[in-house]
Amino acid sequence: MAAAGATFLGTSHRQAPVRDLVGRIRSGLSELFALPEGYEIILGDGGASAFWDAASFGLIDKRAQAVRFGEFSSKFASSASAPWLEAPDVRSAAVGTLGFAEATAGVDVYAWPHNETSTGVSSAVVRVAGADPDALVMVDGTSAAGGIAFDSSQADVYYFSPQKNFASEGGLWLASVSPAAIERIERIAGTNRYIPAFLSLKSALSNSRLNQTLNTPSLTTLILLNSQIEWILSNGGLAWADARTRESSALLYDWAESDPRTTPFVADPTHRSPVVVTIDFDDSIDALSLAAILRANGIVDVEPYRKLGRNQLRVGTFVSVEPEDVRQLIASIRWVLDNALAASHA
Ligand SMILES: *Cc1c(COP(=O)(O)O)cnc(C)c1O
């Protein structure tokens, strides 16, 4: 990594070392996702949140259907409520459950997250049966990408920020785009709709083809992302990553089902996320006190999603997490439950 720093940091993103790096990221992701002919990887600054706004300017023609089952999918639903579009068709499902897209006349973009990071519910990446033939499927892969296998031909746009499974930093978005999505981007860019330069997908498309971004990206984000892509590919690619996150998450779900004090928050086992595990605790246990004891002992970031307000822990089982570390985490939680917390409830 220090060598990478010496090669890249301080270099203009228009110069060969950085453009080569962006090129490696684009081809590495194409290989990792087994992109069909004609699909491309595009990227730009600003992260998934910026992509939501870019999509409302440059991908949604008239109306999106936004499937909402947690915090991140709710945020997209707000971005899709732009004044130049028709009000989105918002399909809401209760937190902890999975919502589904439903073919609806006049909807030209169907959007949902592959993994709702706030609740630990994961969805399937599949086309919407009965949808208008030119409607696009747009999936937020931010916490799933690189950790959950999927069929990339089933989405027209699969976008993500790289700070979760890709173990990088924030500030960047990447997306695989289908020929139909590229056509949509070009068509909308050719209308008289106002599109801010920073959020222009047409400009992201032309810059990405030159292995560039519109404006200066964080080079550390690119370096870390590329090394994670290479690491996953060298271990066997997405199938390997998927098996590893399933192994790690199953350790937690199996324990939570067998321990009388805990229950997986997501009731339907087929909707439980392999990368973000949420576990409810019974009322006799204060999960926040448990998290505080763990934190004081160097085991951090298992607190629940702040806005969910549940008596639970949320554990990231991203691909870079060693399954053995998850075993140690479970042993640590059980020790605290049996000793430190048991005393206060005796
Ligand atoms: C983290 C996250 C986001 C937000 O990513 P930013 O890079 O902060 O914009 C969006 N969607 C999902 C599913 C996420 O997990």
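**A walk through the sheet, helix α3 and the core**

Hi everyone, let's start with two neighbouring strands: β8, residues 157-160, and β9, residues 172-177, are antiparallel and are joined by four bridges. Before going on, please keep in mind that we are looking at a predicted model. Within this pair, V157 sits opposite V177 of β9.

Now let's step back to the whole sheet. In what order do the seven strands of the open sheet come? The order is β1-β9-β8-β7-β4-β2-β3, with mixed pairing. At the edges we find β1 (40-45) and β3 (89-92), each of which pairs on one side only. From one strand to the next, the twist averages 20°.

Helices pack here too. Helix α2, residues 16-32, packs on the sheet and touches β1, β8 and β9. The direction of α2 makes about 130° with that of β1. Then there is helix α6, residues 201-209, which lies across β1 and β9 and runs at about 115° to β1.

Next, helix α3. How far apart are the end C-alpha atoms of α3, residues 47-58? They are 16 Å apart, and this agrees with what we should expect, because 12 residues at 1.5 Å a residue should span 16 Å. Is α3 largely enclosed or not, and why? Of its 12 residues, 10 are buried, so the rest of the structure largely encloses this helix. Among those buried residues are F51, W52, A55 and F57.

That takes us to the largest nonpolar core, which has 85 residues. The members touching the most other members are L29, F33, F51, L59, M138 and F166. Helix α3 gives the largest share of this core, seven residues. And where does the core lie? Since domain 1 (2-234) and domain 2 (237-344) both contribute residues, it lies between them.

Let's zoom in on M138. Setting aside neighbours within four places in sequence, M138 is in contact with several residues, including F51, A55, L59, W112 and V157. You've met V157 already: that is the residue opposite V177. There is also another core, apart from the largest one, with 22 residues, among them F281, L329, L337 and L341.

One last stop is S73, in helix α4, residues 71-79. Is S73 buried or exposed? Its relative accessibility is 4%, and buried means under 20%, so S73 counts as buried. Beyond its neighbours within four places in sequence, S73 is in contact with V67, R68, P113 and E116.

Thanks for listening!

How values were computed:
Residues numbered from 1 in each chain as written. Predicted model: local features only at pLDDT ≥ 70, side-chain atom pairs only at ≥ 80, totals over all residues. Heavy atoms only, no water. Expected span 1.5 Å × (residues − 1). Buried < 20%, exposed > 50% of the residue type's maximum accessible area, 1.4 Å probe, protein only. Core = buried A, V, L, I, M, F, W, Y, C linked by side-chain atoms within 4.5 Å. Domains from an automatic or database assignment. Contact = heavy atoms within 4.5 Å. Pairing = 2+ DSSP bridges. Axes fitted to C-alpha atoms, helices over the stretch in contact; angles between N-to-C directions.
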